[in-house]
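Open your viewer and get ready to click along. We will go from one stop to the next, selecting a few residues each time.

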Amino acid sequence: MNTILKFTLASIVILMSSISASAQDYNEEKLFRAKERVKLMNDYVSFMADKSKSQETRYYYRKKALPLFIGKGYEYEENGVTKQGVMMQTTSVNRPGVVTNTLLRDYFSRLVNLRYSKVNITSTEIAEMKVSDLKKVDSSDNKTLYMCTCQYVQYFRGEYGDGYVYADKTTKRIVCYVEVEETEDGQEFMIKLGDVEAISTERL
């Protein structure tokens, strides 16, 4: 094999490796941004339930949280099917095996109006979240839609005035939609959240 051919092959290998690394970096950035969006949602959930804040403030965070979701928590279309809105699954250790599907907007309203005298909700930090690989689900014009899921743990503690405490932890998995648009300046992407699945719940 002559020197020119060796050089050409080496150049091709380097170029392909560079393209592969660049694509991987783009995917890693998208996945990290998805986890950031989930973390922001969890922060809003914590604020909505926090009884030390006024009800007006808690409703303010409900309003802030809904635009993080596809359809802003209301009606949207997926694969040609119109859906009422994003769904949130809930479970309780007091009702083993029972999973309740609630419209996200209603779930948020219930968080604001929980009857506990004190509520504390915390969730997994970004570094501890588990995110799936991106899956391409649709494309049109200059836009491509991907989907992944992000798994996290939510810790709930509610107290009544008489001293009764209910505490549990729930492992949840949320759908994340990543819309990528090709522009003159490169790729731009927007992330919206979708349905939330309750995988398991246990008492603390």
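Here is a tour that starts with the whole chain and then visits single places.

**Before you click**

This is a predicted model, in which local features need pLDDT of at least 70 and side-chain atom pairs count only at pLDDT 80 or more, while totals for chains, interfaces and linings use all residues. Residues are numbered from 1 along each chain as its sequence is written, and side-chain values use heavy atoms, with hydrogens and water left out.

**Stop 1: the whole protein**

Switch to the cartoon view. You should find three helices and ten strands. Helices here are DSSP runs of H or I with at least four residues, strands are runs of E with at least two, and the numbering goes from the N terminus. Following the chain from that end, the order is α-α-β-β-β-β-α-β-β-β-β-β-β.

Now turn on the surface. The protein exposes about 12400 Å², and carbon and sulfur atoms supply 49% of it; these accessible areas come from the Shrake-Rupley method with a 1.4 Å probe, and for residues only the protein chains shown count as cover. Of the 204 residues, 35% count as buried. Buried means under 20% relative accessible area, exposed means over 50%, and partly exposed is in between (1.4 Å probe, protein chains only).

**Stop 2: where two helices meet**

Select F47 and Y61. F47 lies in helix 1 (residues 3-49) and Y61 in helix 2 (residues 55-65). How far apart are the centres of the two rings? They are 4.7 Å apart, and with the planes at 50° the pair is tilted. Aromatic rings of Phe, Tyr and Trp (its six-membered ring) pair if their centres lie within 6.5 Å; planes under 30 degrees apart are stacked, over 60 edge-to-face, and the rest tilted. Because its two members sit in those two helices, the pair ties together parts that are 14 residues apart in sequence. F47 is partly exposed at 28% relative accessibility, whereas Y61 is buried at 19%.

A search of the whole structure finds nine aromatic pairs. Select Y116, F156, Y160, Y164 and Y166 to see one aromatic cluster.

Then pick K30 and F189: K30 lies over the face of the F189 ring, 5.7 Å from its centre. A charge sits over a ring if NZ of Lys or CZ of Arg is within 6 Å of the ring centre and within 35 degrees of the ring normal.

**Stop 3: two loops**

Go to K72, in the loop between helix 2 and strand 1. Its phi is near 55°, a positive value in a residue other than glycine. Most residues other than glycine have a negative phi. K72 is exposed, with a relative accessible area of 52%.

Next, select N79, in the loop between strand 1 (76-78) and strand 2 (81-83). Is N79 buried or exposed? At 74% relative accessibility, N79 counts as exposed. Add D138: the two residues are 59 apart in sequence and 9.0 Å apart in space, C-alpha to C-alpha.

**Stop 4: helix 3**

Select residues 104-112. Helix 3 is mostly covered, with seven of its nine residues buried. Among them are L104, Y107, F108 and L111.

**Stop 5: paired strands**

Select strand 5 (residues 118-123). V119, I121 and S123 make up its covered face, and K118, N120 and T122 its uncovered one. Strand 5 pairs with strand 8 (residues 143-159) in the antiparallel sense over six bridges; two strands pair if DSSP finds at least two bridges between them. Look for T122 opposite Y155 of strand 8.

Strand 8 also holds T144, which is buried at 18%. Leaving aside residues up to four places away in sequence, T144 touches K136, D138, S139, V178, E179 and V180, where contact means heavy atoms within 4.5 Å.

Move on to strand 9 (residues 165-183) and strand 10 (residues 186-203), an antiparallel pair with 15 bridges. A hairpin of two residues joins them, and V178 stands opposite I191 of strand 10.

**Last stop: the cysteines**

How many disulfides are there? With a disulfide taken as a pair of cysteine sulfur atoms within 2.5 Å, the count is zero. Select C148: the nearest cysteine sulfur, that of C176, is 4.5 Å away. For C150 the nearest is again that of C176, at 5.3 Å. C148 is buried at 2%, and C150 is buried at 0%.
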